[in-house]
Amino acid sequence: MQFQQLEYFLAVADTRHFTRAAEVSHVAQPSLSRQIRNLEEELGASLFSRARGNITLTPAGEALLPLAQRIVADMETARHEVQELAGMRRGRLRLGATPSLCAGLLAEALAGFHDRFPGVGLQVEESGSRDLIRALGHGELDLALIILPLQSSDPAFVTTPILRENLVVVHAADAPPPTQRASMRITDLRDRPLVMFRHGYDVREATLHACRAAGFEPRLAVEGGEMDAVLRFVEAGLGIAVVPSMVLKNRPGLRGTPLAQPRLLRTIALAHRKDVDPTHTARAFRHHLMAYLTHLTRDELGEDLEVIASLHDR
């Protein structure tokens with residue numbers, strides 16, 4: 001039994017006409033008829049009743065029909081997947097991410113993806129959400145990990161929330177803690193020297209907004225830094241900073257203190273353009289990232305990070 005014979009059998013079963021079946025199969029009608037006869041001889045039963053030019057399925061044909069449909073469908077699925085994988089032996093993934101994600105869990109997720117698809121070139125753009133959304137809109141990125149809500153009112157983006165994270169206050173590990181309590185209030189930041197991110201960072205805007213909502217203007221010891229610079233300035237004792245909790249991993253020179261209720265939270269989402277279908281590599285990375293996140297343990301996540309994506313989002 002050959003796969004092509006099953007395709008011809010399904011074409012005749014669908015059209016109930018040998019000539020039309022040959023046309024839709026792009027084959028000469030005698031060749032199609034010969035393949036059907038060969039299939040019938042191999043199975044030892046007639047598949048079609050040809051009485052008076054009216055083509056109907058015989059009981060043997062009726063029995064074969066769902067089996068043939070499943071075999072052909074499975075073969076098409078396999079062919080499609082193999083073609084996609086073959087295409088992913090090459091290609092590229094242009095991914096944008098905020099600096100905290102680059103310094104946090106993204107490296108491990110990308111490492112797993114690279115192990116699976118070593119031929120895919122990885123291009124990572126590290127920047128704030130506003131810059132990433134702009135690059136995504138200009139077609140410079142395939143996907144972007146950004147912070148919600150979007151600062152742009154442009155509805156041309158699809159966003160899938162994947163993580164919810166608490167912001168924490170960090171200080172140098174060799175310096176006295178900023179409080180003896182288990183947590184800090186926003187008002188505890190009043191008159192304390194803060195190391196502040198440059199304009200364009202969502203954490204900067206969230207911190208300034210929270211301080212002003214609490215009735216004070218924060219005292220900035222240093223401002224204008226990128227993520228790594230801010231963390232190094234804090235380690236050097238220049239001040240404290242409000243940062244995403246995930247950046248504390250593998251930073252022994254820093255200690256974090258959670259903020260008391262109401263906490264400062266941020267939601268991380270995976271975004272792509274609505275008017276452009278994601279590439280094979282982008283879809284594969286999305287699938288990989290969702291699987292990676294949903295299999296993280298509580299110990300791996302820590303107390304301040306919550307996965308809100310599900311396998312159904314893949």
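**Why these words fit this model**

Modeller: Valine 24 is found in helix H2. Keep in mind that this is a predicted model.

Colleague: Fine. Why does valine 24 count as exposed?

Modeller: Its relative accessibility is 52%, and exposed means over 50%. So valine 24 is called exposed. Valine 24 also has valine 12 at 9.7 Å in space, C-alpha to C-alpha, with their positions 12 residues apart in sequence.

Colleague: And arginine 16, what makes that residue partly exposed?

Modeller: Arginine 16 comes out at 36% relative accessibility. The partly exposed class runs between the 20% and 50% cut-offs, so arginine 16 belongs there. Arginine 16 sits in the loop between helix H1 (3-15) and H2. Its phi is positive, about 55°, although arginine 16 is not a glycine.

Colleague: Where is aspartate 191, and how do you know which class of exposure to give it?

Modeller: Aspartate 191 is in the loop between S6 and strand S7 (193-197). Its relative accessible area is 57%, and over 50% is exposed, so aspartate 191 gets that label. Aspartate 191 has a positive phi as well, about 70°, and is not a glycine either.

Colleague: Let's go to the aromatic residues. How many aromatic pairs are there?

Modeller: The count comes to five aromatic pairs. One of them joins phenylalanine 18 and phenylalanine 48, with 5.9 Å centre to centre and 75° between the planes.

Colleague: What makes phenylalanine 18 and phenylalanine 48 a pair, and why is the pair called edge-to-face?

Modeller: Take the distance, then the angle. Centres must lie within 6.5 Å, and here they are 5.9 Å apart, so the two rings pair. Planes over 60 degrees apart count as edge-to-face, and 75° passes that cut-off, so the name fits.

Colleague: Why do you say that the pair ties parts of the chain together?

Modeller: Phenylalanine 18 lies in helix H2 (residues 18-25) and phenylalanine 48 in strand S1 (residues 48-49), so the pair links parts that are 30 residues apart in sequence. With 12% relative accessibility for phenylalanine 18 and 2% for phenylalanine 48, both are under the 20% cut-off, so both are buried. Phe18 and Phe48 also form one aromatic cluster together with Phe9.

Colleague: How do you know whether phenylalanine 197 and tyrosine 201 are stacked or edge-to-face?

Modeller: Their planes are 10° apart, and the centres are separated by 4.9 Å. Stacked needs under 30 degrees, so that is the name here. Phenylalanine 197, at 1% relative accessibility, is buried, and so is tyrosine 201, at 4%.

Colleague: Next, arginine 266. Why is this residue called buried?

Modeller: The relative accessible area of arginine 266 is 7%. Buried means under 20%, so arginine 266 qualifies. Its place is in strand S11 (residues 265-273).

Colleague: Which side chains make polar contacts with the side chain of arginine 266, and what makes them polar contacts?

Modeller: The side chain of serine 100 does, at 2.5 Å, and that of glutamate 165 does, at 2.9 Å. The limit is 3.5 Å between N or O atoms, one able to donate a hydrogen and the other to accept it, so both distances pass. Besides Ser100 and Glu165, arginine 266 touches residues including Thr98, Ile147, Leu163, Val203 and Met246.

Colleague: And asparagine 166, buried or exposed?

Modeller: Buried, because 9% relative accessible area is under 20%. Asparagine 166 lies in strand S6 (residues 157-172). Among its contacts beyond four places in sequence are Pro244, Ser245, Arg263 and Asp304. From asparagine 166 to methionine 246 the C-alpha separation is 9.1 Å, with the two 80 residues apart along the chain.

Colleague: What about the largest pocket: how much space lies in it?

Modeller: About 410 Å³. Of its 19 lining residues, the closest to the centre are Ser245, Met246, Glu300, Leu301 and Gly302. Helix H11 (298-301) and strand S10 (254-258) each supply at least two lining residues, and H11 gives the largest share, three. By class, the lining has nine nonpolar, six charged and four polar residues.

Colleague: Last one: what makes the peptide bond from leucine 148 to proline 149 cis?

Modeller: Its omega is near 0°. Proline 149 is in the loop between strand S5 (143-148) and S6.

How values were computed:
Residues are numbered from 1 along each chain as its sequence is written. Side-chain values use heavy atoms; hydrogens and water are left out. Helices (H or I, at least four residues) and strands (E, at least two) are DSSP runs, numbered from the N terminus. Buried means under 20% relative accessible area, exposed over 50%, partly exposed in between (1.4 Å probe, protein chains only). Contact means heavy atoms within 4.5 Å. On a 1 Å grid over the protein atoms alone, a cavity is a set of points where a 1.4 Å probe fits but cannot get out, and a pocket is an open set with protein on both sides within 12 Å along at least five of seven lines; lining residues have an atom within 4 Å of a point. Grid points are joined across faces, edges and corners, and a volume is the space filled by probe spheres set on the points. Ala, Val, Leu, Ile, Met, Phe, Trp, Tyr, Cys and Pro count as nonpolar, Asp, Glu, Lys and Arg as charged, and the others, Gly among them, as polar. Rings of Phe, Tyr and Trp (its six-membered ring) pair if their centres lie within 6.5 Å; planes under 30 degrees apart count as stacked, over 60 as edge-to-face and the rest as tilted.
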